[in-house]
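The turns below ask how certain descriptions of a structure are justified, setting each value against the definition it has to meet.

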Amino acid sequence: MKINILFTSIEGNTQAFIEKLKDYAEAHRPDDTINAKEISEAAPFDNETEDYFVFVPTYLDGGNGIDNGVKELMTNALGEYIDYGDNAAHCLGVIGSGNRNFNQQFCLTARRYAQQFNVPFLDTYELRGTSEDVKRIYQTMLDVLA
């Protein structure tokens, strides 16, 4: 099975999680292929032609994420990329990451993307994720693709 992923990684946590997903696939599902594309400010906009999952961390400008501190920082390029052309039509769902210390802000960007693009908010993991997170999220993606 082919799994396409769009992601952004500011401090390397999301990149590390994607690598764990690839390692899991290699060890447990050798016939699966994970194609991951990192979207950054420098990435050119392309028209996506295949379905994909989005992995996005949350970086906000402070506050509590509800009545203040709701401005996204550093992840805007991914949202703009999804919004480009018909790219949103190929999004199968969003997986969020963050730090639970930020309470209501935890994975807020992923929840917003899911709402903005009318796609499922599939799951969350904290920071670089655990092996259990990898297994659960991999299975979630397989279930969506089934």
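Q: What counts as a helix or a strand here?
A: Helices are DSSP runs of H or I with at least four residues and strands are runs of E with at least two, numbered from the N terminus; in this predicted model, Thr58 lies in the loop between β3 (52-57) and α2 (76-83).

Q: Why is Thr58 called buried?
A: Buried means under 20% relative accessible area, and Thr58 has a relative accessible area of 15%, so Thr58 is buried.

Q: What makes the approach of the Thr58 side chain to Leu108 and Thr109 a matter of polar contacts?
A: The cut-off for a pair of N or O atoms is 3.5 Å; the backbone nitrogen of Leu108 lies 3.2 Å from a polar atom of the Thr58 side chain, and this side chain reaches the backbone nitrogen of Thr109 at 3.1 Å. Leu108 and Thr109 are among the buried residues of helix α3 (residues 108-117), and the buried residues of α3 pack against β3, α2, β4 (91-98) and β5 (121-126).

Q: Why is α1 called roughly perpendicular to α4?
A: The axes of α1 (residues 13-28) and α4 (residues 131-145) come within 10 Å and cross at roughly 75 degrees; because angles of 65 to 115 degrees count as roughly perpendicular, α1 is roughly perpendicular to α4.

Q: Which residues make this contact, and how do they divide by class?
A: Phe17, Lys20, Leu21, Tyr24 and Ala25 of α1 meet Asp133, Val134, Lys135, Ile137, Tyr138 and Met141 of α4, giving eight nonpolar, no polar and three charged residues.

Conventions
Residues are numbered from 1 along each chain as its sequence is written. This is a predicted model: local features need pLDDT of at least 70, side-chain atom pairs count only at pLDDT 80 or more; totals for chains, interfaces and linings use all residues. Side-chain values use heavy atoms; hydrogens and water are left out. Axes are lines fitted to C-alpha atoms, for helices over the stretch in contact, and angles run from 0 to 180 degrees between N-to-C directions. Angles under 35 degrees count as roughly parallel, over 145 as roughly antiparallel, 65 to 115 as roughly perpendicular and the rest as oblique. Contact means heavy atoms within 4.5 Å. Ala, Val, Leu, Ile, Met, Phe, Trp, Tyr, Cys and Pro count as nonpolar, Asp, Glu, Lys and Arg as charged, and the others, Gly among them, as polar. Buried means under 20% relative accessible area, exposed over 50%, partly exposed in between (1.4 Å probe, protein chains only). A polar contact is a pair of N or O atoms within 3.5 Å; within protein, one must be able to donate a hydrogen and the other to accept it, and residues adjacent in sequence count only if both atoms are side-chain atoms.
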